[in-house]
Amino acid sequence: MKTRAGGLIAAVLIAIAGVFILQKATGGLVPLADDFIQGQGKPEAYYLKAEDHAEKLNNGKYNYTFTGYDASGHKQQINAEADEKLRPGAFIKVWAYGTKAKSLTEVHEEEIPEGALAAMKTN
């Protein structure tokens, strides 16, 4: 009976450690699940203004959580990984599947659709 309880405790501790490692290495379980579930559709363009808050991951990349806006001004929470820190205040175009960013590109303010730009300025 003691060996079953000990085995169960060990399995729970291993699972907790695995989730912690997954969070630090990839940005978390939610973006990973998003990538798997939503990665089959067509990505959508969102626009945002970069902020200076990134979590450095063990793989050397930076993890960001943004609020982005589509061309109509609808907002979407987006998780992104970048190879280097984004320039604070820069305008960024993000191609995303749901909440998971696939690519980040710095753009000029003039390239942002009016609906997205207006939503950024009011929020």
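Begin at strand 2 (residues 55-56) and strand 3: these strands run antiparallel and are joined by two bridges. The model in the viewer is a predicted one.

**Stop 1: the hairpin of strands 2 and 3**

Select E55 and then N63 in strand 3, which stands opposite E55. Next, move to the turn of this hairpin, where five residues lie between the strands. Within the hairpin, select G60 and inspect its backbone: G60 adopts a positive phi near 90°.

**Stop 2: strand 3 and its second partner**

Extend the selection to the whole of strand 3, residues 62-69. Is this strand mostly covered or mostly open? Six of its eight residues are buried, so strand 3 is mostly covered, buried here meaning under 20% relative accessible area.

Now add strand 4, residues 75-82, which pairs with strand 3 in the antiparallel sense over eight bridges. To find one of the paired positions, select Y69 and look across to its bridge partner in strand 4, K75. The hairpin of strand 3 and strand 4 has five residues between the strands. Which residue in this hairpin takes a positive phi? Selecting G73 gives the answer, with a phi near 95°.

**Stop 3: the nonpolar cores**

Display the side chains of Y64, F66, I78, L86, I92 and V94. These are the residues with the most contacts inside the largest nonpolar core, which has 15 residues. Strand 1 (44-49), strand 3, strand 4 and strand 5 (91-97) each supply at least two residues of this core.

A second core, separate from the one just displayed, consists of ten residues. Select Y69, I112, A116 and A119, which are included in that second core. Y69 was also encountered at the previous stop, as the bridge partner of K75.

Return to I92 and show its surroundings. With residues up to four places away in sequence set aside, I92 touches Y46, Y47, L48, A50, L86, L104, T105, E106 and V107. Among these contacts, L86 is also listed with I92 among the residues with the most contacts inside the largest core.

**Stop 4: W95 in strand 5**

Remain in strand 5 and select W95. W95 is partly exposed, with a relative accessible area of 33%. Leaving out residues up to four places away in sequence, its contacts are P43, E44, A45, K100, A101, K102 and S103. A distance drawn between the C-alpha atoms of W95 and Y47 reads 8.9 Å, although the two residues are 48 residues apart along the chain.

**Stop 5: the salt bridges**

How many salt bridges does the structure hold? There are three, and each can be visited in turn.

For one of them, select D83 and K61, whose closest N and O atoms are 3.7 Å apart. D83 belongs to the loop between strand 4 and strand 5, and K61 to the loop between strand 2 and strand 3, so this pair ties together parts that are 22 residues apart in sequence. D83 is exposed at a relative accessible area of 59%, whereas K61 is partly exposed at 31%.

Next, select R87 and E106, where the closest N and O atoms of the salt bridge are 2.4 Å apart. R87 sits in the loop between strand 4 and strand 5 and E106 in strand 6 (residues 100-107), so the pair ties together parts that are 19 residues apart in sequence. E106 is partly exposed, its relative accessible area being 46%. E106 also appeared earlier, as one of the contacts of I92.

Finally, select K121 and E109, whose side chains meet in a salt bridge at 3.4 Å, N to O. This pair links distant parts of the chain, with K121 in helix 3 and E109 in the loop between strand 6 and helix 3, twelve residues apart. E109 is partly exposed, with a relative accessible area of 30%.

Keep K121 selected and highlight helix 3, residues 114-122, in which it lies. K121 is exposed, at 60% relative accessible area. Add K49 to the selection: its C-alpha atom is separated from that of K121 by 9.9 Å, and the two residues are 72 residues apart along the chain.

**Stop 6: the surface of helix 1**

End the tour at helix 1, residues 2-26, and select I9 within it. Is I9 buried or exposed? At 54% relative accessibility, I9 counts as exposed because the threshold is over 50%. Add L8, V12, L13 and I16 to the selection: together with I9 they form a nonpolar patch on the surface, with about 510 Å² of accessible area.

Methods
Residues are numbered from 1 along each chain as its sequence is written. This is a predicted model: local features need pLDDT of at least 70, side-chain atom pairs count only at pLDDT 80 or more; totals for chains, interfaces and linings use all residues. Side-chain values use heavy atoms; hydrogens and water are left out. Patches are made of residues with over 30% relative accessible area and no salt bridge: like charges are joined within 9 Å, nonpolar side chains (Val, Leu, Ile, Met, Phe, Trp, Tyr) within 5 Å. Accessible areas come from the Shrake-Rupley method with a 1.4 Å probe; for residues, only the protein chains shown count as cover. A salt bridge is a side-chain nitrogen of Lys or Arg within 4 Å of a carboxyl oxygen of Asp or Glu. Helices (H or I, at least four residues) and strands (E, at least two) are DSSP runs, numbered from the N terminus. Buried means under 20% relative accessible area, exposed over 50%, partly exposed in between (1.4 Å probe, protein chains only). Two strands pair if DSSP finds at least two bridges between them. A nonpolar core is a set of buried Ala, Val, Leu, Ile, Met, Phe, Trp, Tyr and Cys residues joined through side-chain atoms within 4.5 Å. Contact means heavy atoms within 4.5 Å.
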